[in-house]
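Colleague: Please take me through the salt bridges and burial in this model.

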Amino acid sequence: MKESISIQDDELTASGETGFRKTGVPDISESPLHPRRKSRRIMVGPVPVGGGAPISVQSMTNTPTVDVNATLRQIGELAQAGCDIVRVAVPSQDDADALPAIVAKSPLPVIADIHFQSKYVFQAIDAGCAAVRVNPGNIRKFDEVGPSICKAATDAGISLRIGVNAGSLDKELYAKYGGPTPEALVASALKEARMFEDVGFHDFKISVKHHDPVTMVQTYRLLASKGDWPLHLGVTEAGPAWQGTIKSCLAFGALLAEGIGDTIRVSLSAPPVEEVKVGCKILEYLGLRQRHFDIISCPSCGRAQVDVIELAKQVTEGLKDIKAPIRVAVMGCIVNGPGEAREADLGVASGNGKGQIFIKGKVIETVPEDQIVPTLLEHAREIAGRMESEGAASGTPVAKSGPVVVPITGGTHPNA
């Protein structure tokens, strides 16, 4: 289980063991859809990236890094949501000076996000950051400072992230290829990779982000064919939560289903915790991460005799903190309800002002409509507790586990 984080004035403490939280995942993660692309492995603190390691989820804090308490508080929230790696912005000297305090108390490995000022790179390394995000294209005099950065990273035993976004493409490459095309982005990434490999540094991952999912997929496919670097997937500037989620699901789904990708960051114009939630669910639904609670509910339609939307909302909110892989089903009519309930660990078929509660396909009780939600939540917590005690939520894969389904059926059940 993830450590609980509490903030009191200038102090952040982690209950239980000190240091990084345990990820509870195996050293090698296979995809049920396609063999994973073979990539070399680097380390971001204790988190392996590439080489078949489980795909990690990243996010970035949006607090001023200089505000140590606020940043640590947000990192704690990200850890609780399932984040594996966190990035913090370092645009100023004050932010760079705050890094040692953040690194010392962070439950997640910290990546420093550095642009323009190479001196911050060395400060981040000295502060103990697990990795540094370096953009050679905008680091002043990188040809001169690049070898020193590589030596400092090597001496400290940390990795780097390099790569390009569509908006930061070198002007010459932009002109040569007529814009941020897949060929232009990959050419930029290969140029950067050579800068590091020519001085013997190989502990880096590459990102080639674009805001358009199709271009992004084409770019990563092309880059994946050029070498064995671990790849950081991302749709940059993806937009507000609903739009960015769709873009990320499309792009990540296409690439991960082909075995491409070693770590992901969902970029949303939304609180960072929402990025982590989306990223974790993408991996769960692709069979690439231990699944936790999920809810399956039917769309609203004219057959429903209950407010499916509200029921699903209440059940989801009531079970949002459940980590066990419980399958709950909430359906809205007789057409799908009973069948979904039979396949679930727990479910309800609702209609005629009442709901039949099922556990493993067997009706255990019938309750009035206003008691459906509290009854489901009570049973769900009991089942989740048993699963946790048996190790189902500890990171050990659950055999033949699928999504958690909460069926609420809104029609008349044949046994009603």
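**Salt bridges and burial**

Modeller: Glu197 is partly exposed (between 20% and 50% relative accessible area; buried is under 20%, exposed over 50%; 1.4 Å probe, protein chains only), its relative accessible area being 24%. This is a predicted model in which local features need pLDDT of at least 70, side-chain atom pairs count only at pLDDT 80 or more, and totals for chains, interfaces and linings use all residues. Residues are numbered from 1 along each chain as its sequence is written, and side-chain values use heavy atoms, without hydrogens and water.

Colleague: With which residue does Glu197 form a salt bridge?

Modeller: A salt bridge requires a side-chain nitrogen of Lys or Arg within 4 Å of a carboxyl oxygen of Asp or Glu. For Glu197 the closest N and O atoms are 3.3 Å apart, and the partner is Arg40.

Colleague: How many residues apart in sequence are the parts that Glu197 and Arg40 tie together?

Modeller: Helices (H or I, at least four residues) and strands (E, at least two) are DSSP runs, numbered from the N terminus. Glu197 lies in helix H6 and Arg40 in the loop between strands E2 and E3, so the separation is 157 residues.

Colleague: Is Arg87, which forms a salt bridge with Asp113, buried or exposed?

Modeller: The closest N and O atoms of Arg87 and Asp113 are 2.6 Å apart. Arg87 lies in strand E6 and Asp113 in strand E7. Asp113 has 7% relative accessibility; Arg87, at a relative accessible area of 6%, is buried.
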